[in-house]
Every structure is written in C-alpha cells, then in structure tokens.
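Let's take a walk through this model, one spot at a time. Have the sequence and the 3D view open side by side.

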Amino acid sequence: MATLFISDLHLSPERPAITRAFLLFLQQQASKASALYILGDLFEAWIGDDDPSELSHQVQTALRNLCDAGVSVWVQTGNRDFLIGSRFAINTGASLIEEEHIVEAYGHRALVMHGDSLCTDDRAYQRFRRHARNPLWQFLFNRLPLKRRQRIASKLRVKSAMANSNKASAIMDVNNQAVEQALQRHNVPTLIHGHTHRPDRHQHKGGERIVLGDWHDIGWVLRMDASGYDLQSFKIAAVNQK
Ligand code: LP5
Ligand code: MN
C-alpha cells in the first residue's frame, strides 16, 4: 500500500485527454492506495461548487467512487481552484485540507502545500492572491451569475498569462528562505508541493523539497510508502490508448 500525491492537472473541457488520464489513474492506481492527496489546481479554473458542467460532475463522481472504495481522499486548493468548498467535499467524500497540512504515514512526516505562497519574490502575484483570498471578494464573486463568473475567470486567466510572459523565470519559482521557514515552522524533514511545474527533488538546509509536476503530455505522481518517496511520471497518450 502507498499514499499518493498529485497536483496541477488543470482539468478543463479543452483538454479531454487529461481528464481521461485522471479517471484511469483513479481506477488503476489510486484505487490500490490507502490515501490520495490532491495538492491544488486539480481544475484549470473553479468558479464555484454550483458549476453544473459535465466535467465537474464527472470528476466529483469519480472521486466519490474512490472514497466509497475505501481510499481516503484529501484535497488542497490551488490558485486556480481556491473556490472549491464544502459542497464539493460532501459530493465527493474528500476532506478539504488547509494550505499548510501535515501528512503522517508509513513512518514519514511531510508538510504539503500547493506552493504558490512560497513564491514570495513574485510580488504582483502575492498582491493578487491577497485580494482573491479575501472572504468579502469571494462572497461577492460567488453571488454573481455563473456566466459572469466564467467570463471573469477567463479574463483573469488571460491577464495572468500576459503577466507571466513578462516575468523572469526565477521570480515564479519558490523563495529558498520561504521554503526553509516552512520546514522549520512545522519541524518536518520533507516538504511536498506543486504549482511551479518544475518536478524535481531538492535538498535545503532544513530538509528535502519534493516538487510535483503538472499534467500535460506526461503526468506525475509521488508515491510514499515504507521504503520512502518515489516521484514517478507516465505518458498521458499511452494511458489513453489502452
Ligand atoms: O495561473 P497561472 O499559472 O497563469 O499563474 C499563476 C498566477 N496567476 C494566478 C491567476 C489565475 O490564473 C487566475 C485563475 C482564476 C480562476 C478562478 C476565478 C475565481 C476568481 C475569484 C475572485 C474573488 O493565480 C501568476 C503567477 C504564476 O502563477 C506563477 O506563480 O505569477 O500571478 C499572476 O499572474 C498575477 C499577476 O502578476 C497580476 C494579476 C493580474 C490580474 C489583474 C486583475 C484584473 C481584474 C480583471 C477582472 C475582470
Ligand atoms: Mn498553481
């Protein structure tokens, strides 16, 4: 048995291959695990738990089936799907976890985060984040009609892509001091996160940082079991051809 970690699938109706790969992953791999942690940005953009789209329904049903099969599912939100809320949790049976959460299993202890809050050099993003996470803005956004929310989300995505194309790559990576402080704050030897789309394993002063990858032509999953951690990738096209 193992505990699995994934993040940054960015599921959207425009990329059906990723959704198919995710559904296969749940059936074939996650169903054999003891727990699945989704560390944010499962969706390209989540505009509220009342979204009646086919994708939203399909994904929630698949997660519900996994939970019903006895796998514990934990969902952390990212900068694209921070509006996932209690209705999603009830529909799926998954537990929503805080933005800094400790996982203890198989003799390991790890801090899991989406990763965006570690990118402290990206001042423009951190400013945007403070507004987007403001409960008042979220309350007002949630009350807008669905179509309007969809339009705002698409506009934000375009603005974000434009802003990113002008940012130096290093600014969009984590800040080492923020990483070391997080390891120290929680007194853990391992930090697992996504967001930066730079899958790798790094040694820091206070411990190891394992970075999950985003799903595009390949998918990424981190396995944690009694023998340690294993960051694995797999071809998404190959999964779909089966
Ligand atoms: O997401 P990605 O990978 O492109 O870049 C992120 C940061 N960008 C974001 C923005 C999201 O992509 C937007 C998705 C929203 C979906 C949900 C809608 C709910 C809205 C609820 C509001 C209460 O997270 C990007 C980082 C990058 O990661 C790397 O870390 O750099 O940060 C930015 O791009 C922020 C910009 O620097 C500044 C933001 C410009 C937005 C201006 C607001 C104008 C409002 C227009 C609304 C009509
Ligand atoms: Mn992200």
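Asn187 counts as exposed because its relative accessibility is 64%; exposed means over 50% relative accessible area, buried under 20%, and partly exposed in between, with a 1.4 Å probe and protein chains only. Asn187 sits in the loop between α7 (176–186) and β7, where helices (H or I, at least four residues) and strands (E, at least two) are DSSP runs numbered from the N terminus. Its phi is positive, about 50°, although Asn187 is not a glycine. Most residues other than glycine have a negative phi.

A quick word on the ground rules: this is a predicted model, with local features needing pLDDT of at least 70 and side-chain atom pairs counting only at pLDDT 80 or more, while totals for chains, interfaces and linings use all residues. Residues are numbered from 1 along each chain as its sequence is written, chains are lettered from A and ligands numbered from 1 in the order in which they are written, and side-chain values use heavy atoms, leaving out hydrogens and water.

Asp41 also has a positive phi, about 55°, without being a glycine. Asp41 lies in the loop between β2 (35–39) and α2 (54–68), and with 1% relative accessibility it counts as buried.

Now for the metal. Asp41 (OD), Asn79 (OD1), His114 (NE2) and His195 (ND1) are the protein donors of the manganese ion (ligand 2), 2.1 to 2.2 Å from it; donors are N, O and S atoms within 2.8 Å of the metal (3.2 Å for Na, K and Ca), and water is not among the atoms, so sites may look incomplete. Asn79 is in the loop between β3 (72–76) and α3 (86–92) and His195 in the loop between β7 (190–193) and β8 (200–204), so this pair ties together parts 116 residues apart in sequence. Both Asn79 and His195 are buried.
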